[in-house]
Amino acid sequence: MNIDRAVFAFAGIVVLAGIALSLTVHPWWLALTGFAGANLIQAAFTGFCPAAMLFKAIGLKPGHAFR
């Protein structure tokens, strides 16, 4: 697995977790989903992604998006 796929998988998990928590615990958990979406948008324009930096630090190979 490369960094790109790990970032996409992590973002998907965060979005699904936010939705599940908002349905079962409290609607404010949708803020987690909003945060994940906002982070994806800013990463698309700036190339800065904290999750990509973390995955790089643990040794995943770079993909095409995050180098």
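The structure, a predicted model, holds one aromatic pair. Phe10 and Phe55 form this pair. Their rings meet edge-to-face, with 6.2 Å centre to centre and 80 degrees between the planes. Phe10 belongs to helix α1, whereas Phe55 belongs to helix α3, which spans residues 50-57. The pair therefore ties together parts that lie 45 residues apart in sequence. The two partners are listed with their accessibility as follows. Phe10 is partly exposed, with a relative accessible area of 42%. Phe55 has a relative accessibility of 14%. Phe55 counts as buried because the cut-off for that class is under 20%.

The chain contains three helices and zero strands. Along the sequence the pattern reads α-α-α. The C-alpha atoms fill a box of roughly 35 × 25 × 15 Å, taken along the principal axes. Of the 67 residues in the chain, 25% are buried. Among contacts with a separation of 6 or more, 57% join residues 24 or more positions apart.

The aromatic pair has its place in the packing of α1 with α3. These helices pack at an angle of about 130 degrees, and their axes are 9 Å apart. That angle makes α1 oblique to α3. The crossing of α1 past α3 is right-handed. On the α1 side, the contact is made by Ile3, Ala6, Val7 and Phe10. Ala51, Ala52, Phe55 and Lys56 contribute from α3. Both rings of the aromatic pair, Phe10 and Phe55, thus come from residues of this contact. By class, the residues of the contact of α1 with α3 comprise seven nonpolar, no polar and one charged. Lys56 is the charged one, because Lys counts as charged.

A second packing joins α1 with α2. Helix α1 covers residues 3-24 and helix α2 covers residues 30-46. Their axes come within 7 Å and cross at roughly 155 degrees. This makes α1 roughly antiparallel to α2, because the angle is over 145 degrees. The crossing of α1 and α2 is left-handed. Ala11, Val14, Val15, Gly18, Ile19 and Ser22 represent α1 in the contact. They meet Leu30, Leu32, Thr33, Ala36 and Leu40 of α2. The residues of this contact divide into eight nonpolar, three polar and no charged. Gly18, Ser22 and Thr33 are the polar residues, because Gly, Ser and Thr fall outside the nonpolar and charged classes.

Two residues of α2 were examined individually. Thr33 is found in helix α2. Thr33 is buried, with a relative accessible area of 19%. That value counts as buried because it falls under 20%. Leaving aside residues up to four places away in sequence, Thr33 touches Val15, Gly18 and Ile19. Those three residues also appear on the α1 side of the contact with α2. Gly37 likewise lies in helix α2. Gly37 is partly exposed, with a relative accessible area of 27%. The C-alpha atoms of Gly37 and Leu23 are separated by 18 Å. Along the chain, Gly37 and Leu23 are 14 residues apart.

Conventions: Residues numbered from 1 in each chain as written. Predicted model: local features only at pLDDT ≥ 70, side-chain atom pairs only at ≥ 80, totals over all residues. Heavy atoms only, no water. Axes fitted to C-alpha atoms, helices over the stretch in contact; angles between N-to-C directions. Helix = DSSP H or I, 4+ residues; strand = E, 2+ residues; numbered from the N terminus. Parallel < 35°, antiparallel > 145°, perpendicular 65-115°, else oblique. Left-handed = near helix turned anticlockwise from the far one by under 90°. Contact = heavy atoms within 4.5 Å. Phe/Tyr/Trp six-rings, centres within 6.5 Å; stacked < 30°, edge-to-face > 60°. Buried < 20%, exposed > 50% of the residue type's maximum accessible area, 1.4 Å probe, protein only.
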